[in-house]
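Please open the structure in your viewer and keep the selection panel at hand, since this tour moves from one site to the next by way of selections.

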Amino acid sequence: MSKKPIFKEHFVLHKWSYLLGTILLTVSLVLQLFVPVLLKSFTDGLQNESIQVSDLWELSLWFVIVGLGAFLFRSSGRIYIFKMSRILERDLRSSLFSHWERLQTEYYQNQRIGNLMAHAVNDVNIMRQIVMQGYFQMVEAAVLISISVFMMASTIHFYLTLLVLLPLPGLTYIAYRFRSKIQTHSLKVQEAIGTLTSRVQEFCSGISVIKTYTQEEEERKKFTNDNQSNVEVNKQLIRANSLFTSLSQGIVGLSYLISIVFGSILVMKSTISLGDFVAFNTYLSLLIAPIENIGKVINLLQQGKAADNRIREVLSTEPTILDEEGIVPITAIRGNISLRNLSFKYQRGKESALKNINVTIPKGTSLAIVGKVGSGKSTLVNLLLRLYNPPKNSIFIDDHDIRDVPLRTLRESVAYVPQDNFLFSTSIKENIAFDPNPYQDEQVFHAARQAHVYQDISDLPDKFDTELGERGLSLSGGQRQRVSIARALIKPSPIIIFDDSLSAVDSKTETYILNTLRTQMKSRTSIIISHRISTIQEADQIIVLDKGEIVERGTHQSLLKQDGIYKKMFTQQTTEFTWPTLNGRKILIKKRRR
Amino acid sequence: MFAKPYRKLLFFSLLLTGFIVIASLAQPFIIKVAIDSYIKMNDYQGMMYLGIIYFILIMVSSICTYFQNNTLQFTGQYVIYDFRQAVFKHFSVMQMDFFRKNPIGRLVTRITHDVEALNQLYSQVIVNLVKEVLILIGIIALMLYMSVKLTLICFLVIPIIAIVTFYFKRVLRDTQRKLRSILSSLLSYLAENLSGMSVIQLFARERKQLDRFNELNEEHYRAGMRQTVINSIFNPSIGLFGNISLALLVWYGGRSVVDETITFGTVYAFTHYVRQFFEPLRGLADRFNQIQAALASAERIFETLETKPTIVNPVQPKELPEKVKGDIVFNHVWFAYKNEEWVLKDVHFRINQGETVGIVGATGAGKSSIIQLINRFYDNQKGIISLDGINIKNVLLNDLRRHIGIIQQDAFIFSGTVFDNIRLNHNAVSNEEIIKAAKAVNIDSFFRMLPQGYNTMLGEEGTVLSAGQKQLLSFLRAMIADNDVLILDEATANIDTESEQAVQAALREMSKNRTTIIIAHRLSTIQQADKIIVLDKGRIVEMGNHQQLLKNQMVYYDLCQNQNKGKTLKI
Ligand SMILES: Nc1ncnc2c1ncn2[C@@H]1O[C@H](COP(=O)(O)OP(=O)(O)OP(=O)(O)O)[C@@H](O)[C@H]1O
Ligand SMILES: Nc1ncnc2c1ncn2[C@@H]1O[C@H](COP(=O)(O)OP(=O)(O)OP(=O)(O)O)[C@@H](O)[C@H]1O
Ligand SMILES: [Mg+2]
Ligand SMILES: [Mg+2]
């Protein structure tokens, strides 16, 4: 964590605003201190019977003026300082979000969404409170304390004041001693909230599995556990807090003790007058609240530090997928792809997910990938999209190393249908026009027609304006997949990638989509992953992956001749279907050969 | 309602509070004693004794503070705990629909954030409130006792304060509500975007998503500022009224003293009381905002707790036998997710004990919807669904679901080990059985190769599985659960041919003597079924076995033909 504390940075950035707010608040506090002075002149005047009725008017007016002044300054000072806290909150959330947008898939695989949310809610809230309560009360306390102390020392007795202040360094010491304790406990509390958030988050995401397998009881138990440990860590923090508070109160009490005992001795010795003694104690009583507040503020600051650290940890996570030095500033891609000795291992993985892959896909041709579950098909396209960083010099696009191609250019040039069809909870239209470029409604409709989902959408009451639920779950599986296809097809990009993207549609729809795709694909480089040979048999190249290696390659025809995995797949997929003729005689349906 | 169990604790802390208040009030008293009895007598020794007594007072008060703080805030934590338990429990009995309609972010905030705001109500507001109100009452009583007239004069401002408070209360409440609801949309947005981050990145749409986030963020900021401004006017205004009250006192009281209608002593005392009166009032004003915030949260929480689940256990449940036969009957079932937009129309079929039934139809025909009715994720509006002759609405939800295993279209992986994920709550299942099942569907070797084998953590923060691996895992879940009725919804869509053969073999084994429903777009997976139901736009258009349906030469025939030709695509 190299970055400076967030709060410090924010403070420095807005130092003038803070100064102004502080001044406004100080003025109001000072004004408010005039009230006792005015009162004194009133009571003194009454006592001496020196006051006139006309003076009373004036005095009343003064009260109102001072009151009004204190009110205005306090209001504006408060608004000013609190505004800073809101700005801090807003800016932090915004920078968290924009930072998260830069972080790679790998980061998200090591994080729980619930935890990340806790950063954006709780930690940011604590940061806001540092300013709202911490800073505000600190200013208030500092002003009141220094004025009172100054009055005590200058008008009453200097040494007595010193003596009274003697226990106060003890306060600093205690604050110092409790610092790390409160910080650790706060951290635990903040983490516990993260865990709790994650638990609920997971519960809601997995609700259908939970219900199907009647897991509710189990989940409640888990939640209860988390909930309990949350209470536990909170209690620890509270205990530390209370101890700190009561100790500091004890120390403040000691100051009183000194002031009373030594003060009275001084009076007895006639060093100070009785009146001074009373006044001294009045000032001291003015100090109670601010000193107690300082204790709270110190506390808050420690919690803030923990939150600060947590947030900084996020913000200082460097994105690993970004435009590196020496990128070639190209803005368009033609679509020649070539993989040279591509091997790749996931950070978490024990074995390489891809080994020594060599493929060239010239512009405008198609590559089909088949292979067993977990053989590395999605991995390969993920690398092409740079969701992960491929090793240098292993993937080339238009003869540029993919790592030298600007990320933006790369991703703008690829229309991609991912294997899981994540949709957003916006309208269908917005989902299809997800590509940031502007699209006309007509284009959206066209894409929907191409993906053969136009009719489905038109049957909905709100048509293209239908708002989807989270993840698009209010659509059927096949509808979701086709919206996802439409989302890709609307992009006029030179490369198109389908990752098992016709798995949830019926064969009629599949044929339809494939037919409309045909025209699209002529001018585009395409990569299609599928488990169904029917989907991919006419690709220009087909590769068969097994455990991350290309074990077979060729065209449909040549692969069938090889009598390998592909051939086996093909026979299995075709012979499994029996087709009785009308007169009851069973015949085997073979693929139509050309 | 939620504080009830903790009345004792609250009472205890109130007691302690009382003691602390007395201790802090004792200080002026001790000074008075010091002045009157010792200083004037020059009694050093007496002074020392007083010092010691005061010291003890400080110590005791300090200790009381410790316990008071602890009890109070612990109580707050217990209340939070109870609330969280209640809300979570409530969530866990809500029907599917609830989770589809409420974004996850919103539900999460309900449990974490909203409840936290309530904490303040208990841990800080209540006790202070009592303290402050007590002080106020005491002062008012004293003032009235000394001079009714002067009291009334000083309290001329009270009606204005009441009006102002009343006004601010309304405004504040509104802003609090707004603030909460914006925050919850902000978080829902955040949660969704974090889940779908790779899609955003792949479409290079970071900018637009950020813009939208900032829009919401800005809205939240503005609502927050509004609240801040209102509060910043309201809070100090109490001080202003205090000063005005003082002015009235000075003006009227001063004149009365000059007129000699009121004694100087009374007016002098009043100058103290008025100030003392407005001190706790200011505290109350501070509290006020917290109360409003807590109320806004409480409102939302209670609202949540009060939304009754629509799919509930029957009052007089019938019990299903330990092992059901698996006769499923749909008797003229109509179903719509919303209003009258019928997704299933007059669906009528019967599945006999032990039969294997396939459901086919175009996407969006309503296949998954049928499944969701069988285990009551949703309730049908018309018609009756029965299992073994018992209307499924007459049995306990868990009793019903326990008998029905469903493998869904998308597999969800929990964070937990491979074993945990497959076993779920079937604790009786041994590791060996799981491994055996995994071998049967050809995924054992993969699990073994993971860093910690079957004990590798999956899910968030854990190892990532490929789509097909997830599907196999969810198939394993069903194998292990060994339910009496087995339902597969597109369970092999992302699985390669070889693995699928293994799955089919396992499935054949499982479907022996077990009612099995299979939904598949690949007709090959269901052609062996005893019965195939063909669905089109929510209606059953055909029913029968493979041969019969082909003979019909209708929809199913078309589907089959389509699957076997027309693949003349040049990719
Ligand atoms: N939660 C929901 N809220 C509203 N409408 C829904 C919901 N789920 C599904 N639908 C609609 O109900 C219809 C039937 O959906 P269903 O999921 O049953 O289709 P399906 O036959 O399973 O299709 P697929 O083969 O694509 O999975 C679709 O038009 C869909 O848009
Ligand atoms: N982020 C990751 N970290 C570690 N291992 C991973 C990660 N993603 C995938 N894997 C593993 O890498 C292997 C290849 O996964 P990939 O998703 O490429 O398979 P696939 O060929 O697309 O399979 P499917 O047909 O099931 O979609 C799998 O064994 C998978 O478990
Ligand atoms: Mg894949
Ligand atoms: Mg479905």
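Begin by selecting ligand 1 in this predicted model, together with the residues around it: these come from chains A and B, so the site is shared between the chains. The shell holds 18 residues, and the closest of them are Ser476(A) and Gly478(A) on one chain, with Lys367(B), Ser368(B) and Ser369(B) on the other. Colour the shell by residue class, and it divides into 12 polar, five nonpolar and one charged residues.

Next, display the polar contacts of ligand 1, taking its oxygen atoms as the starting point. From chain B, a backbone N or O atom of Lys367(B) lies 2.7 Å from an oxygen atom of ligand 1. From chain A, a polar side-chain atom of Gln479(A) lies 2.8 Å from an oxygen atom of the ligand, while Gly477(A) contributes a backbone N or O atom at 3.5 Å from a ligand oxygen. If you switch on the surface here, note that ligand 1 taken alone exposes 630 Å², of which the protein buries 88%. Two elements give two or more residues each to this shell, namely helix H16 (477-489) of chain A and helix H10 (367-374) of chain B.

Now move the selection to ligand 2. Residues from chains A and B surround this ligand, so its site is likewise shared between chains. Here 20 residues make up the surroundings, the closest being Lys377(A), Ser378(A) and Thr379(A), along with Ser466(B) and Gly468(B). Helix H11 (377-384) of chain A and helix H15 (467-481) of chain B each supply at least two residues of the shell, and by class that shell has 11 polar, six nonpolar and three charged residues.

Which side chains of chain A should be shown as sticks beside ligand 2? One of them is Ser378(A), which places a polar side-chain atom 2.6 Å from an oxygen atom of ligand 2. Another is His531(A), where a side-chain N or O atom is 3.3 Å from a ligand oxygen, and with Tyr388(A) the partner is a nitrogen atom of the ligand, 3.4 Å from an N or O atom of the side chain. Taken alone, ligand 2 exposes 630 Å², and the protein buries 92% of that area.

Leave the ligands and turn to the enclosed spaces, where the count comes to 12 cavities of 30 Å³ or more. To find the second largest cavity, which has a volume of about 110 Å³, select Ala491(B), Thr492(B), Ile519(B), Ala520(B) and Thr525(B), the residues nearest its centre among the 15 that line it. Helix H16 (497-511) and strand S10 (515-519) of chain B each supply at least two residues of this lining, which divides into seven nonpolar, five polar and three charged residues.

For the last stop, show chain A as a cartoon and pick out the open sheet of four strands, which has the order S2-S1-S4-S5 with antiparallel pairing. Strand S2 (354-361) and strand S5 (400-401) stand at the edges with a single partner strand each, so one side of each is left without a neighbour in the sheet. Strand S1 (residues 337-344) of chain A runs antiparallel to S2(A), and five bridges join the two. Finish by selecting Leu342(A), which stands opposite Ile357(A) in S2(A).

Definitions and conventions. Residues numbered from 1 in each chain as written. Chains lettered and ligands numbered in written order. Predicted model: local features only at pLDDT ≥ 70, side-chain atom pairs only at ≥ 80, totals over all residues. Heavy atoms only, no water. Near = heavy atom within 4 Å. Polar contact = N/O pair within 3.5 Å; in protein donor to acceptor, adjacent residues only side chain to side chain. Areas by Shrake-Rupley, 256 points an atom, 1.4 Å probe, with all protein chains shown as cover. Nonpolar A, V, L, I, M, F, W, Y, C, P; charged D, E, K, R; others polar. 1 Å grid on protein atoms, 1.4 Å probe; cavity = no way out; pocket = protein on both sides within 12 Å on 5 of 7 lines; lining within 4 Å. Points joined across faces, edges and corners; volume = space filled by probe spheres on them. Pairing = 2+ DSSP bridges.
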